[in-house]
Amino acid sequence: PGEGFSYVLHLRPAEWPIMTAHTALGFVLAVGLLPVLHGERLVTGLWAIFLWVVCLNGGTLAINSVYDKDDGDIGYLVAPPLPPKHLLAFSLALLLVGQALAFTLPRSYAIAYAVCFAMSIAYSVPPFRFKAVAGVDWVINMWGFGTFTPFAGWAATGRPLGTMHALVLLGFCPLFAALYPLTQIYQFDEDQRRGDRTLALILGMRRSLAAAIGTAILAFACFAAAAFIGFIRWWAWLGLLLALAAWLQVLLPWYRRHATMTPAQHQRGMYAALAAWAVTDIAVILAFAL
């Protein structure tokens, strides 16, 4: 539809539902599921989600496109158009506007936005470009998406964070550590062509998948610790166990068969892991937000 629409595509709106759900998770944990369903503080939650998902995450991914110049299938954009002329200025403007508007919410939300804004620039923009530094890219993503994103939803309410919910939000850090190498395995060829030494390339497929299994188990150890503190009911424990089983159902067969799988099969594995993530979000809400 023209170059103007390319600006929208590079914000990767196909990812927005995932980011919206993960940001909303923290909001629901803070307010409670039933009050949210009755509309309590809904305008605040929607405003916080818009700034985080469209301005921060969308701007981050668009800056990524400026410097990556991908022409093959990338996450949430199957056929990326050429980056339009003013994409960098557009992306930075979006990030800066989001930062200014973040101060309409509690200070902890604005600080979380600022931290992730800084990490976004360091992740994508030379001379830092930490996405090409194996290990550093992992740390930035596990904290930025894994923990800071749901924390932003919580922080938008202005409510203090107790130990139980802090452990829940912390658990999403190793959970994203499990997901992150899975997003790179199917892009081995593209990353090698650019010379990016991603975490998955450094570790190799087998060790990347082993790391994913280990960090997923660590994440559920955090959820279990929170569950002990919160004295959750037996059916909530069952939900968490089912979520762990969903992850292992994806990761263990993948680990066994990785050597014979095609890039398309690896990509399907990544989307299966995203489905396991969604199951985890539901289990966490039922365990800690009712």
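Arg-159 and Glu-40 form a salt bridge, their closest N and O atoms lying 3.4 Å apart. That makes a good starting point for a tour of this predicted model, since the structure holds one salt bridge. Below, you will also meet a nonpolar core of 90 residues, a nonpolar surface patch of about 970 Å² and some backbone details.

**The salt bridge**

- Arg-159 sits in the loop between helix H7 (136–155) and helix H8 (163–179), while Glu-40 sits in the loop between H3 and helix H4 (42–68), so the pair ties together parts that are 119 residues apart in sequence.
- Arg-159 is partly exposed, as its relative accessible area is 32%.
- Glu-40 also counts as partly exposed, at 34% relative accessibility.

**The nonpolar core**

- In the largest nonpolar core, which has 90 residues, those touching the most other members are Leu-29, Trp-52, Tyr-109, Leu-182, Trp-247, Val-284 and Phe-288.
- The helix that gives the most to this core is H11 (residues 199–230), with 12 residues.
- Trp-247 is a handy residue to click on: setting aside neighbours within four places in sequence, its contacts are Leu-175, Ala-178, Leu-179, Phe-220, Ala-273, Ala-276, Trp-277 and Thr-280.

**The nonpolar surface patch**

- Leu-34, Leu-37, Trp-234, Trp-235, Leu-238, Leu-242, Ile-282, Leu-286 and Leu-290 make up a nonpolar patch of about 970 Å² on the surface.
- Three helices each supply at least two of the patch residues: H3 (33–37), H12 (234–257) and H13 (263–288).
- Among the contributors, H12 gives the most, with four residues.
- Leu-290 belongs to the segment after H13, and at 48% relative accessibility this leucine counts as partly exposed.

**Cysteines without disulfides**

- The structure holds zero disulfides.
- Cys-116 is in no disulfide, and the nearest cysteine sulfur, belonging to Cys-173, is 12 Å away.
- For Cys-173, the closest cysteine sulfur is that of Cys-222, and the 8.5 Å between them is too far for a bond, because a disulfide needs the two sulfur atoms within 2.5 Å.
- Cys-116 is buried, with a relative accessible area of 7%, and Cys-173 is buried too, with 4%.

**Around helix H6 and the loop after it**

- Ser-120 is part of helix H6 (residues 107–124) and is buried, with a relative accessible area of 10%.
- Not counting residues up to four places away in sequence, Ser-120 touches Leu-56 and Thr-60.
- The peptide bond running from Pro-126 to Pro-127 is cis, with omega near 5°, and Pro-127 is found in the loop between H6 and H7.
- Arg-129 lies in the loop between H6 and H7 and has a positive phi of about 40°, although it is not a glycine.
- Arg-129 is buried, with a relative accessible area of 14%.

**The loop between H11 and H12**

- Phe-231 is found in the loop between H11 and H12.
- Phe-231 is not a glycine, yet has a positive phi of about 50°.
- With a relative accessible area of 73%, Phe-231 is exposed.

Conventions: Residues are numbered from 1 along each chain as its sequence is written. This is a predicted model: local features need pLDDT of at least 70, side-chain atom pairs count only at pLDDT 80 or more; totals for chains, interfaces and linings use all residues. Side-chain values use heavy atoms; hydrogens and water are left out. Patches are made of residues with over 30% relative accessible area and no salt bridge: like charges are joined within 9 Å, nonpolar side chains (Val, Leu, Ile, Met, Phe, Trp, Tyr) within 5 Å. Accessible areas come from the Shrake-Rupley method with a 1.4 Å probe; for residues, only the protein chains shown count as cover. A salt bridge is a side-chain nitrogen of Lys or Arg within 4 Å of a carboxyl oxygen of Asp or Glu. Buried means under 20% relative accessible area, exposed over 50%, partly exposed in between (1.4 Å probe, protein chains only). A nonpolar core is a set of buried Ala, Val, Leu, Ile, Met, Phe, Trp, Tyr and Cys residues joined through side-chain atoms within 4.5 Å. Contact means heavy atoms within 4.5 Å.
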